[in-house]
Amino acid sequence: MHQTYIIYSENRDRYYIGSTSVGVAKRVERHNAGWSRSTKSGIPWVIKYVETFATKSEALAKERHIKKQKSRSYIEALIDSDSNEWNEE
């Protein structure tokens, strides 16, 4: 199971797009623990979008597609879309 995810930092008012095979919750724990230099300044991060794929290549392709759009409005529309598997509780 491979997932593409979008997380949000209220401190920086920024979205971060990534993919993982360890599970999104565990990956976000690592982001919030400061493991990644590119997300360290935005702690705390919250999950906004998750989509699951059968293969790593599919998840990476989705990540690249989202990043290629270079559009905050595209990201926010994706978060509100039916393809978002994340259920905020």
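**View 1. Strand β1, wrapped up by its surroundings.** In this predicted model, strand β1 covers residues 2-9, and 8 of its 8 residues are buried, so the strand is largely enclosed by the rest of the structure. Look at one side of β1 and you meet His2, Thr4, Ile6 and Tyr8; flip to the other and you meet Gln3, Tyr5, Ile7 and Ser9. Both faces are covered, with every one of these residues buried.

**View 2. The sheet around β1.** Three strands make an open sheet in the order β2-β1-β3, with antiparallel pairing. That leaves β2 and β3 as the edge strands, each pairing on one side only. From one strand to the next, the twist averages 20°. Strands of a sheet in general pair through backbone hydrogen bonds, in either a parallel or an antiparallel way. Here, β1 and β3 (residues 45-53) are joined over 8 bridges, while β1 and β2 (residues 14-20) are joined over 7 bridges.

**View 3. Who sits opposite whom.** On the β3 side, Ile6 stands opposite Tyr49. On the β2 side, Ile7 has Tyr16 as its bridge partner, and Ser9 has Arg14. β1 and β2 form a hairpin with 4 residues between them. One residue to pick out in that turn is Asp13, whose phi is positive at about 50°.

**View 4. Helices α2 and α3 on the sheet.** Helix α2 lies across β1, β2 and β3, and runs at about 35° to β1. Helix α3 (residues 72-79) packs on the sheet too, touching β1, β2 and β3, and its direction makes about 60° with that of β2.

**View 5. The largest nonpolar core.** Which residues make up the largest nonpolar core? There are 9 of them: Ile6, Tyr8, Tyr15, Ile17, Tyr49, Ile66, Ile75, Leu78 and Ile79. At least two core residues come from each of β1, β2 and α3, and α3 gives the most, with 3 residues. Apart from this core lies another, of 7 residues, including Tyr5, Val24, Val28 and Ile47. As a general pattern, nonpolar side chains in soluble globular proteins tend to be buried together.

**View 6. Tyr15 and its company.** Set aside the neighbours within four places in sequence, and Tyr15 still has plenty to show. From β1, it is in contact with Ile6, Ile7 and Tyr8. Its other contacts are Trp45, Lys48, Arg72, Ile75, Glu76 and Ile79.

**View 7. The buried side of helix α1.** Helix α1 spans residues 24-32, and its buried residues are Val24, Arg27, Val28 and His31. Seen down the axis of α1, these residues fall within an arc of 100°, so they line one face of the helix. They pack against β1, β2 and β3. After α1 comes Gly34, with a positive phi near 85°.

**View 8. A salt bridge between β3 and α2.** How many salt bridges does the structure hold? It holds 4, and one of them joins Lys62 to Glu51, with the closest N and O atoms 3.6 Å apart. This pair links distant parts of the chain, since Lys62 belongs to α2 and Glu51 to β3, 11 residues apart. Are the two partners buried or exposed? Lys62 has 17% relative accessibility, so it counts as buried; Glu51, at 14%, counts as buried too.

**View 9. A salt bridge within α2.** The side chains of Glu63 and Lys67 meet in a salt bridge, at 2.7 Å from N to O. Because they are 4 residues apart in helix α2, about one helical turn separates them. Glu63 is buried at 12% relative accessibility, whereas Lys67 is partly exposed at 40%.

**View 10. A small salt-bridge network at α3.** Glu76 and Arg72 meet through their side chains in a salt bridge of 3.1 Å, N to O. Both lie in α3, 4 residues apart, about one turn of the helix. Each is partly exposed: Glu76 has a relative accessible area of 31% and Arg72 one of 37%. Salt bridges with shared partners join Asp13, Arg72 and Glu76 into one network.

**View 11. Ala54, out in a loop.** Ala54 is found in the loop between β3 and α2 (56-69). With 65% relative accessibility, Ala54 counts as exposed. Its C-alpha atom and that of Lys68 are separated by 22 Å, and the two residues are 14 residues apart along the chain.

Notes. Residues numbered from 1 in each chain as written. Predicted model: local features only at pLDDT ≥ 70, side-chain atom pairs only at ≥ 80, totals over all residues. Heavy atoms only, no water. Buried < 20%, exposed > 50% of the residue type's maximum accessible area, 1.4 Å probe, protein only. Pairing = 2+ DSSP bridges. Axes fitted to C-alpha atoms, helices over the stretch in contact; angles between N-to-C directions. Contact = heavy atoms within 4.5 Å. Core = buried A, V, L, I, M, F, W, Y, C linked by side-chain atoms within 4.5 Å. Arc of directions from axis to C-beta.
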